[in-house]
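Reader: Take me closely through one strand and its partners, please. Then work outward from there to the rest of the fold.

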Amino acid sequence: MTARDGFVTFRGVQKTYDGRMRVVQDLDLDIRAGEFLTLLGPSGSGKTTTLMMLAGFEAPTAGDILVQGRSVLNLPPHRRDFGMVFQSYALFLHMTVGENVGFPLRVRGMLKADIARRVTQALEMVRLPGFADRMPAQLSGGQQQRVALARALVHEPRLVLMDEPLGALDKQLREQMQQEIKHIHDSLGVTMVYVTHDQSEALTMSDRIAVFHQGRIQQLDTPRALYERPASVFVANFIGENNALPGVVRDTAGGDCIFALGEASVLAANGQGLAPGAAAILVLRPEQIAINPPEGSRRNRIAARIVEAVYLGDHLRLRARLPGGGDILVKRSTGGGIPAVSPGDAVILGWDAEHCFALKSEGAE
């Protein structure tokens, strides 16, 4: 492992509040210098607790957290040299924008002239030039979050932590801020650790994503790898839309398997090395399924019947019924002169083996 790989290191970290239930379990995680890492998961999965332990607002029950090879467990939050952005903005309402942004510099004893210069630079970076004399109450929610971001960055921290920072914004503002935060990260090269439950936000912004569930990291990978090669049914279901079809592994060959899907058999990647006879889930993204593909163009072909079609502008969201029962979701582009399909139509569904994975059922041993 290089120093870059282990800029921040969690080793065997656990957290419990009652001595019984572990909110974070046996966490080992290396955060690389300069990367944008997102901690993603549902409420109660342990992602925010992990961030709070790194920030110093929570103490691990066991294990250690190191930054550049040195433990930070005995350092209070203000001595860890991190920037922090909260969902609630946490601005001082009695201070001006400039005073809010300059606060981390004042507590460090910086000269007034240097503070003024750095505040001006930070406000320009978040596209709020000339706002230094305004009060937080005079700003919109998006502008207040920009001020909070400027305050987190003004003292040039070695690490910036963000806890659901865009959760209070509407969809349009949230998407705009996602792009701006990513642009700032790319420009500064600072390490950022970002907590969210929004999978589209994580896919948009991150270099890597750690997917949390029940206090553990289920998968740590790039956005593309998480989406295209999920390591578990939970990850597949949590990241984007997904078909999770129950069946049985009939036979195996190398890294693939023959998967019995109701009355049909398909070829799938054996994502977890399952043995013949194992009950499993076939994971398949709806956009990977073709309708009435040319003969020989898809390895897997199953007859089905369309039972629902919803028009969503750039694509149709189709629900098809498989032989023997069970439904499958299909996304189909509305462009390119593709023949229309309607509820009641008999169709052939086709997909390639590398786009579907046989994975262990949730809760299976």
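Author: Start with one residue pair. Ala269 stands opposite Phe357, a residue of β20. The model is a predicted one. The pair belongs to a short parallel contact: β13 and strand β20, residues 356-360, run parallel and are joined by two bridges.

How many residues of strand β13 are buried? Six of its seven, across residues 264-270. The strand is therefore largely enclosed by the rest of the structure.

Now turn to the antiparallel partner. Strand β12 covers residues 256-261 and pairs with β13 over six bridges, in the antiparallel sense. One position shows the register: Ile258 faces Leu267 of β13. What lies between β12 and β13? Two residues, and the two strands form a hairpin. In that turn sits Gly262, with a positive phi of about 65°. So much for the pairing of β13: β12 is antiparallel to it, and β20 is parallel to it. One general point helps when reading such strands. In a regular strand, side chains alternate between the two faces of the sheet.

Further along the chain, look at β19, residues 346-351. Strand β16, residues 300-311, pairs with β19 over six bridges, antiparallel. Here Ala304 has Val347 of β19 as its bridge partner. Strand β15, residues 290-291, is antiparallel to β19 as well, with two bridges. For Ala290, the bridge partner in β19 is Gly350.

The loop ahead of β19 runs from β18, residues 327-333, and holds Gly335. Is Gly335 buried or exposed? Neither: its relative accessibility is 33%, so it counts as partly exposed. Gly335 gives a useful gauge of distance. From Gly335 to Val211 is 34 Å, C-alpha to C-alpha, with their positions 124 residues apart in sequence.

Next, the N-terminal strands. Four strands form an open sheet in the order β2-β1-β4-β5, with antiparallel pairing. The edges are β2 and β5 (70-71). Each has a single partner strand, so one side of each is left without a neighbour in the sheet. Helix α1, residues 47-55, packs on this sheet and touches β1, β2 and β4 (62-67). The direction of α1 makes about 115° with that of β1.

Strand β2 repays a second look. Seven of its 10 residues, in the run 22-31, are buried, so β2 is largely enclosed by the rest of the structure. Its place is nonetheless at an edge of the sheet. Strand β1, residues 8-16, is joined to β2 by six bridges, and the two run antiparallel. Val13 has Leu27 of β2 as its bridge partner. Here too the pair makes a hairpin, with five residues between β1 and β2. Gly19, in the turn, has a positive phi of about 85°.

Now the cores. The largest nonpolar core has 33 residues; Val101, Leu149, Met162, Ile181 and Met192 touch the most other members. At least two residues of this core come from each of α2 (97-106), α3 (112-125), α4 (141-153), β7 (159-163), α5 (171-188) and β8 (191-196). Which element gives the largest share? That is α4, with six residues. Val101 reaches well along the sequence: leaving out residues up to four places away, it touches Val119, Ala122, Leu123, Val147, Ala150, Arg151 and Val154. A second core, separate from this one, has 29 residues, among them Cys257, Phe259, Ile289 and Val330.

Finish with α2. Seven of its 10 residues are buried, so the helix is largely enclosed by the rest of the structure. These buried residues are Val97, Gly98, Asn100, Val101, Gly102, Pro104 and Leu105. They pack against α3 and α4.

How do α2 and α3 meet? Their axes come within 9 Å and cross at roughly 120°. The two helices are therefore oblique to each other. The crossing of α2 past α3 is right-handed. On the α2 side, the contact uses Val97, Gly98, Val101, Gly102, Leu105 and Arg106. On the α3 side, it uses Ile115, Arg118, Val119, Ala122 and Leu123.

Technical notes
Residues numbered from 1 in each chain as written. Predicted model: local features only at pLDDT ≥ 70, side-chain atom pairs only at ≥ 80, totals over all residues. Heavy atoms only, no water. Core = buried A, V, L, I, M, F, W, Y, C linked by side-chain atoms within 4.5 Å. Buried < 20%, exposed > 50% of the residue type's maximum accessible area, 1.4 Å probe, protein only. Contact = heavy atoms within 4.5 Å. Pairing = 2+ DSSP bridges. Axes fitted to C-alpha atoms, helices over the stretch in contact; angles between N-to-C directions. Parallel < 35°, antiparallel > 145°, perpendicular 65-115°, else oblique. Left-handed = near helix turned anticlockwise from the far one by under 90°.
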